Amino acid sequence: MTTAAHQQPLSPTERSTVRRGAKRAVADRAQLHAVLDAGYVCHLSTVVRGAPLVLPTGYGRVDDTLYLHGSTGALSLRTAASGVEVCLAVTVLDGLVYARSVFHHSMNYRSAVVHGTAVPVTDEAEKLAGLRAITEHLTPGSWDHARQPSRKELAATAVLAVDLAEAAVKVRAGGPVDDEDDVAADRAWAGHVPLALVAGEPVPAADLSPGWVVPSHVTRVADR
């Protein structure tokens, strides 16, 4: 369901307004979705027993809700689900930027930072939908191909939902931004090197029975 908050541009709050590098901020909510859909790992930040903790984990998105999952026994997830404020970050690295001065070396990237509260998902239908979103985001086509969670597995799995109403997106692309004096001095190479995550050839499990052909949903990973 789309709420008024989700119809607003990004950076609607004090803490999600980009200040450093503000010219790289993107206020289009569709760009937030695009960054999250392009990434694979988010970093969940919270405070556990009085100390900061950052947990890298997979995720999945359904409209303006981000789903995370993990063991019900994980202290980090139990803390995040206790009603405290959390912060999520996803970064897609697109390139390395070489400038004429080391001060202006940089990276090309797309990043999203989300503020909010992680809500435990207790409704079974939504829990399955969240797990499906995570599975399909990381390994498209696997939900219908592989065995789905048993009741025991569901009971042992915590699913958290984070609303995307409060978020910020920054994007950098292109070459270096050098000082005019350095450009005129022409003493160093300048440019950028594009980077991309590339899928390799699928490797079958050592205990896979003979005769299996790699399914099309696995071979399509390289096309993502």
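# A guided tour of the predicted model

Of the protein's 224 residues, 31% count as buried. The model is a predicted one. Before any residue is selected, a cartoon view of the whole chain is a suitable start: the secondary structure comprises 8 helices and 10 strands. Among contacts with a separation of 6 or more, 73% join residues 24 or more positions apart. With the surface switched on, the protein exposes about 13400 Å², and carbon and sulfur atoms supply 57% of that area.

## Stop 1: the aromatic pair

Select Y98 and W189 and show their side chains. A search of the whole structure finds 1 aromatic pair, and Y98 and W189 form it in an edge-to-face arrangement, with 6.0 Å from centre to centre and 70° between the planes. Which parts of the chain does this pair tie together? Y98 belongs to strand β6 (residues 85-98), while W189 sits in the loop between α7 (180-185) and β10 (191-194), so the pair links parts that are 91 residues apart in sequence. Measuring between C-alpha atoms in the viewer should give the model's value of 7.5 Å for W189 and Y98.

Next, colour the two residues by accessibility. Y98 is partly exposed, at 34% relative accessibility, whereas W189 is exposed, at 58%. With neighbours within four places in sequence left aside, the contacts of W189 are Y98 and A99.

## Stop 2: the nonpolar patch around the pair

Keep Y98 and W189 selected and add L93, L96, M107, V193 and L195. Together these residues make a nonpolar surface patch of about 620 Å². Which element gives the largest share of the nonpolar patch? Strand β6 does, with 3 residues. Both members of the aromatic pair, Y98 and W189, are thus seen again here as part of the patch.

Within the patch, centre the view on M107. This residue lies in strand β7, which covers residues 106-120. M107 counts as partly exposed, with a relative accessibility of 44%.

## Stop 3: D178 and its surroundings

Move to D178, in the loop between β9 (166-172) and α7. Is D178 buried or exposed? At 15% relative accessibility, D178 counts as buried; the cut-off for that class is under 20%. Show the residues around D178: apart from neighbours within four places in sequence, the contacts are A99, R100, S101, H104, V183 and A190. One of these, A99, was also met as a contact of W189. For a distance to display, choose the C-alpha atoms of D178 and V102, which are 9.9 Å apart in space and 76 residues apart in sequence.

## Stop 4: two aspartates with positive phi

Backbone torsions are the subject of this stop. Most residues other than glycine have a negative phi. Select D186 and D63 in turn.

D186 is in the loop between α7 and β10, the loop that also holds W189. The phi of D186 is near 50°, a positive value in a residue that is not glycine. D186 is exposed, with a relative accessible area of 57%.

Where is D63 placed? D63 is in the loop between β4 (60-62) and β5 (65-71). Its phi is positive, at about 55°, although D63 is not a glycine. D63 is likewise exposed, with a relative accessible area of 55%.

## Stop 5: T57 and the cysteines

From D63, go to T57, in strand β3 (residues 51-57). T57 counts as buried, at 13% relative accessibility. Which residues does T57 touch, when those up to four places away in sequence are not counted? The contacts are Y40, V41, C42, L68 and H69. Two of them, L68 and H69, have numbers that fall within β5 (65-71).

Among these contacts, select C42. C42 is buried, with a relative accessible area of 0%. For comparison, select C87, which counts as partly exposed at 22% relative accessibility. How many disulfides are there in the structure? The count comes to 0 disulfides.

## Closing view

To finish, return to the whole chain and display Y98, W189, D178 and T57 together. Y98 and W189 form the edge-to-face aromatic pair and belong to the nonpolar surface patch. D178 is buried in its loop position, at 15% relative accessibility, and T57 is buried at 13%.

How values were computed. Residues numbered from 1 in each chain as written. Predicted model: local features only at pLDDT ≥ 70, side-chain atom pairs only at ≥ 80, totals over all residues. Heavy atoms only, no water. Phe/Tyr/Trp six-rings, centres within 6.5 Å; stacked < 30°, edge-to-face > 60°. Helix = DSSP H or I, 4+ residues; strand = E, 2+ residues; numbered from the N terminus. Buried < 20%, exposed > 50% of the residue type's maximum accessible area, 1.4 Å probe, protein only. Contact = heavy atoms within 4.5 Å. Disulfide = S-S within 2.5 Å. Patch = residues over 30% accessible without salt bridge, like charges linked within 9 Å, V, L, I, M, F, W, Y side chains within 5 Å. Areas by Shrake-Rupley, 256 points an atom, 1.4 Å probe, with all protein chains shown as cover. Salt bridge = Lys/Arg side-chain N within 4 Å of Asp/Glu carboxyl O.
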